[in-house]
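Grab a coffee and work through these short exercises with the structure open beside you. Try each task before you read its solution.

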Amino acid sequence: MGKDISDLHHVGLVVRDMTAAIETYRRLGFTLPPPAYPTLPTAPGALPRPVGAANTHIYLRRNFVEIVTVVDDGQPIPGDAHLIPLDVPDDRLPGLLAAVRGTAANLAAFLDRFQGVHILVVDSADLDSAAARLDAAGAGHGGVHAVQRPIETADGTRMVPTRYLEINSDETDAPRGRLPEGRVGIAENTAVEGQQHPKHANGAVDLIGCLLCVPDDALPDVERRYETYLGRAARRDGSTRTFDLGDASVIVVAESALPDVLPGERPPALPAFVGYTVAVHDIAQTEHHLRTAGVSYRTPRPDEIVVPASEALGVAIIFRPIIG
């Protein structure tokens with residue numbers, strides 16, 4: 001099996017209100033920079049305006065959690081937002097606008113299902129090999145693309161290049177870059193000299209897990225798909241399938257088994273990414289912060305704290321102590 005996937009790159013939380021989302025996640029103890037809003041003229045010679053999608057990131061040691069929203073006309077923009085001009089020649093403007101609007105349409109379709117995590121991107125040190133492996137397995141994808149993403153340095157926010165691909169559905173009439181559970185992709189995690197890793201009041205260190213819930217009768221097909229995407233077989237435990245990615249994992253669970261895996265949670269739709277796991281330095285510190293902030297949480301197992309989806313905009317957050 002392939003060895004080109006080694007970690008989680010990020011999960012993406014799609015929200016309706018960026019200002020409210022930032023306030024919520026800061027209350028949960030995460031440090032977030034001001035959101036970035038790309039701007040483009042909608043016609044040659046027009047003034048640039050926010051378009052497409054805006055985002056911010058919870059930066060962790062190896063990866064991050066993205067918070068993203070659709071930029072709609074009339075939507076309030078946070079006062080501290082960074083406006084990011086996209087410089088493009090006039091002859092390429094229509095193509096870029098179409099791509100930006102296509103991304104926004106996908107995000108809007110996700111929000112029509114529910115507010116929560118709809119994006120899972122895994123990390124690869126060799127994206128070209130991963131693309132070739134998917135090609136050999138007959139798994140459709142949109143090809144390798146280069147984009148810019150913001151990172152925080154001691155000198156402020158910098159845009160750095162990154163390469164990624166999006167996996168396409170096997171269904172011929174499905175929109176590109178959209179699977180039943182959302183958007184799934186592979187990206188290269190570019191190391192940047194001087195990158196800052198902010199401290200989080202809840203002690204967060206790394207993103208180490210993502211949990212996908214599926215209908216019971218869909219489990220075999222989803223297991224097959226993710227074996228292809230990730231280039232490895234799953235560990236089986238009853239109605240749960242775990243794909244190990246170094247120190248991280250992607251877990252697929254049948255709906256009937258979700259109460260055992262994530263007590264108290266019910267999926268807003270199926271299939272759905274219902275939770276993600278964050279490693280923390282000190283679980284006692286995490287609990288202290290959540291209690292002080294008045295956040296509801298559960299402790300279903302020793303050394304595990306779960307913030308329910310109702311407190312975290314549609315997705316449960318599982319906190320566990322860092323190992324090693």
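## Exercise 1: Unusual backbone spots

Asp303 sits in the loop between β16 (298–301) and β17 (304–307). This is a predicted model, so every value here is computed from it.

**Task.** Find the sign of phi for Asp303 and Leu313, and say which kind of peptide bond joins Leu270 and Pro271.

**Solution.**
- Step 1. Begin with the general expectation: most residues other than glycine have a negative phi, and most peptide bonds are trans.
- Step 2. Asp303 departs from that pattern, with a positive phi near 60°.
- Step 3. Move on to the loop between β17 and β18, where Leu313 is placed. Leu313 is not a glycine either, yet its phi is positive, about 65°.
- Step 4. Now look at the loop between α5 (258–261) and β15, which holds Pro271. The bond joining Leu270 and Pro271 is cis, with omega about -5°.

## Exercise 2: One face of a helix

**Task.** Work out which residues of α1 are buried and how they are arranged around the axis of the helix.

**Solution.**
- Step 1. Helix α1 covers residues 18–27, and its buried residues are Met18, Ala21, Ile22, Thr24 and Tyr25.
- Step 2. Viewed along the axis of α1, these buried residues fall within an arc of 160°, so they line one face of the helix.
- Step 3. The spacing fits a general rule: an α-helix has 3.6 residues a turn, so residues three or four places apart point the same way.
- Step 4. Next, ask what that face meets. The buried residues of α1 pack against β1 (5–15), β2 (36–40), β4 (53–59), β5 (64–70), β15 and β18.
- Step 5. Finish with the two ends. At the start of α1, a side-chain oxygen of Asp17 comes to within 3.0 Å of the backbone nitrogen of Thr19. After α1 comes Gly29, with a positive phi near 105°.

## Exercise 3: The second largest pocket

**Task.** Describe the lining of the second largest pocket, then decide whether Ser249 is buried or exposed.

**Solution.**
- Step 1. The second largest pocket holds about 550 Å³ of space.
- Step 2. Its lining has 30 residues, and Ile208, Asp247, Ser249, Thr277 and Arg320 lie nearest the centre.
- Step 3. Two or more lining residues come from each of β11 (204–214), β13 (240–245), β14 (248–254), β15 (272–280) and β18 (316–321). β11 gives the largest share, five residues.
- Step 4. Sorted by class, the lining has 13 nonpolar, seven polar and 10 charged residues.
- Step 5. Now zoom in on Ser249, which belongs to strand β14. Its relative accessible area is 14%, and the cut-off for buried is under 20%, so Ser249 is buried.
- Step 6. Leaving out residues up to four places away in sequence, Ser249 touches Leu8, Ile208, Gly209, Cys210, Thr242, Phe243 and Asp244.

## Exercise 4: A loop glutamate

**Task.** Decide whether Glu188 is buried or exposed, and find which backbone nitrogen its side chain reaches.

**Solution.**
- Step 1. Glu188 is located in the loop between β10 (183–187) and β11.
- Step 2. Its relative accessibility is 17%, so Glu188 counts as buried.
- Step 3. Beyond residues up to four places away in sequence, Glu188 has several contacts, including His9, Asp123, Leu127 and Arg163.
- Step 4. The C-alpha atoms of Glu188 and Arg163 are 5.7 Å apart, although 25 residues separate the two along the chain.
- Step 5. Finally, the side chain of Glu188 reaches the backbone nitrogen of Leu127 at 3.3 Å.

Technical notes. Residues are numbered from 1 along each chain as its sequence is written. This is a predicted model: local features need pLDDT of at least 70, side-chain atom pairs count only at pLDDT 80 or more; totals for chains, interfaces and linings use all residues. Side-chain values use heavy atoms; hydrogens and water are left out. On a 1 Å grid over the protein atoms alone, a cavity is a set of points where a 1.4 Å probe fits but cannot get out, and a pocket is an open set with protein on both sides within 12 Å along at least five of seven lines; lining residues have an atom within 4 Å of a point. Grid points are joined across faces, edges and corners, and a volume is the space filled by probe spheres set on the points. Helices (H or I, at least four residues) and strands (E, at least two) are DSSP runs, numbered from the N terminus. Ala, Val, Leu, Ile, Met, Phe, Trp, Tyr, Cys and Pro count as nonpolar, Asp, Glu, Lys and Arg as charged, and the others, Gly among them, as polar. Buried means under 20% relative accessible area, exposed over 50%, partly exposed in between (1.4 Å probe, protein chains only). The arc is that of the directions from the helix axis to the C-beta atoms. Contact means heavy atoms within 4.5 Å. A polar contact is a pair of N or O atoms within 3.5 Å; within protein, one must be able to donate a hydrogen and the other to accept it, and residues adjacent in sequence count only if both atoms are side-chain atoms.
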